[in-house]
Amino acid sequence: SPALGTIGDFFMANDIDLRQAFLLIYKNRFRIILITSAFFILSIIYSLTLPNIYKSQVIVVLNDDSTNLSNIASQIGGVSAIAGLSLPFLDSGEKKSDDAIEILKSLTFFERFINKKDFYLAFSASEGWDKSSGSLIFDEDVYDINQNKWVSTEPFSVNGKPSLQEVYIDFHEDNFQIAKDPLSGHLFLSIEHFSPQVAKESLEAIILEMNELERENDIDNAEQSIKFLEEQMIKTNLSEVRIALSSLVQEQVKKVMVAKSSKDYLFKVLSFPYASEEKDSPSRVVIVISITLFSFLMSCLFFIFFPYIKK
């Protein structure tokens with residue numbers, strides 16, 4: 001690599017061999033130990049200041065009702081062709097899983113979810129969690145807990161409240177992850193937060209909101225289709241067309257009934273989220289070891305190169 005090449009060129013240009021390097025390290029061993037020990041202590045202090053992050057995960061799959069409705073849509077499409085109609089409100093149900101992922105990533109859905117309960121406060125103003133009391137610790141520069149007042153001075157904040165778009169970006173970068181198994185079609189949704197309870201409850205709220213949103217959309221589309229079909233039945237006197245239209249209306253009514261009666265309308269939960277007892281991050285041991293080794297390496301290189309840099 002270029003870095004290694006530069007170091008190698010430096011060794012060659014200054015006629016430094018490994019024996020000289022080790023002698024320089026040995027000569028300055030106490031200074032190196034002192035520097036490394038100082039960074040070791042500082043890394044421990046730093047790692048202890050980092051708050052614990054807890055992770056909750058849920059595994060979901062498209063509900064069988066969604067698959068059934070896709071079949072219904074296909075059947076309706078065939079009947080509508082017989083009737084000579086093109087229904088704009090019919091949903092084929094194809095790529096429903098991919099569509100669901102895009103909805104989950106959208107700002108529109110985030111706004112619907114984040115305004116439930118106290119999630120806006122939990123994801124925009126918290127900076128830790130008190131395990132003994134189970135309460136969140138809030139950033140005083142964002143929210144004044146004593147006055148129950150937003151006090152953020154960040155750009156685009158409104159009356160001290162962080163902007164929706166800012167919170168949305170932070171949420172998807174730091175808290176929310178979506179993954180899809182291409183073979184099984186399972187969706188893995190996970191949320192990381194200072195509070196394991198918030199992580200669990202927010203995941204449950206996301207699943208609930210997705211089911212409700214899909215239910216509302218399908219009911220609305222089906223009711224518009226029924227209204228459109230009934231208008232067409234009034235306009236025609238052909239018995240064959242009226243029979244076909246009646247069949248279409250029945251299928252749309254069936255779609256509304258399924259949507260209203262199904263609890264887990266879009267997503268069927270395979271593995272429920274839970275409030276984890278064990279933190280997911282940070283790995284304090286890894287942090288301490290990494291900083292300590294890095295400081296040891298840098299101090300060694302410094303004492304090897306310093307006599308030649310002074311020349």
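The exercises below, each with a worked solution, concern a predicted model.

**Exercise 1.** Classify the aromatic pair formed by Phe-110 and Phe-171, and locate its two residues in the chain.

Solution. Begin with the ring geometry: the centres of Phe-110 and Phe-171 are 5.2 Å apart and the planes make an angle of 45°. Pairing requires centres within 6.5 Å, and planes that are neither under 30 degrees nor over 60 degrees apart count as tilted, so the pair of Phe-110 and Phe-171 is tilted. Next, place the residues: Phe-110 belongs to helix H6 (residues 107-114) and Phe-171 to helix H8 (residues 164-175), and the pair therefore ties together parts that are 61 residues apart in sequence. Both Phe-110 and Phe-171 are buried. Finally, widen the view: Phe-110 and Phe-171 belong to one aromatic cluster, whose members also include Phe-113, Phe-119, Phe-123, Tyr-168 and Phe-176, while the structure as a whole holds 14 aromatic pairs.

**Exercise 2.** Explain why the pair of Tyr-120 and Trp-150 is classed as it is, and decide whether each residue is buried or exposed.

Solution. The ring centres of Tyr-120 and Trp-150 lie 6.0 Å apart with the planes at 80°, and because planes over 60 degrees apart count as edge-to-face, this pair is given that class. The pair links distant parts of the chain, since Tyr-120 sits in helix H7 (residues 119-124) and Trp-150 in strand E5 (residues 149-150), 30 residues apart. For the second part, the cut-off for buried is under 20% relative accessible area; Tyr-120, at 9%, is therefore buried, and Trp-150, at 18%, is buried too.

**Exercise 3.** Trace the salt bridge between Arg-112 and Glu-216, and state which network it belongs to.

Solution. The side chains of Arg-112 and Glu-216 meet at 3.2 Å, N to O, and a salt bridge calls for a distance within 4 Å. Arg-112 lies in helix H6 and Glu-216 in helix H9 (residues 196-235), so the contact ties together parts that are 104 residues apart in sequence. Arg-112 is partly exposed at 24% relative accessible area, and Glu-216 is likewise partly exposed at 40%. A network of salt bridges links Arg-112 and Glu-216 with Lys-116 and Glu-209.

**Exercise 4.** Describe two salt bridges within helix H9, giving the spacing of the partners along the helix.

Solution. One of them joins Glu-204 and Lys-200 at 2.8 Å, N to O, and these residues of helix H9 are four residues apart, about one turn of the helix. Another joins Glu-212 and Arg-215 at 3.0 Å, N to O; because these two are three residues apart in helix H9, about one helical turn separates them. Here Glu-212 is partly exposed at 26% relative accessibility, whereas Arg-215 is buried at 10%. The search of the whole structure finds seven salt bridges.

**Exercise 5.** Locate Lys-117 and Asn-148, and describe the backbone feature found at each.

Solution. Lys-117 is placed in the loop between H6 and H7, and its phi is near 50°, a positive value in a residue other than glycine. Asn-148, in the loop between E4 and E5, also has a positive phi, of about 50°, although it is not a glycine. The cut-off for exposed is over 50% relative accessible area, so Lys-117, at 62%, is exposed, and Asn-148, at 55%, is exposed as well.

Technical notes. Residues are numbered from 1 along each chain as its sequence is written. This is a predicted model: local features need pLDDT of at least 70, side-chain atom pairs count only at pLDDT 80 or more; totals for chains, interfaces and linings use all residues. Side-chain values use heavy atoms; hydrogens and water are left out. Buried means under 20% relative accessible area, exposed over 50%, partly exposed in between (1.4 Å probe, protein chains only).
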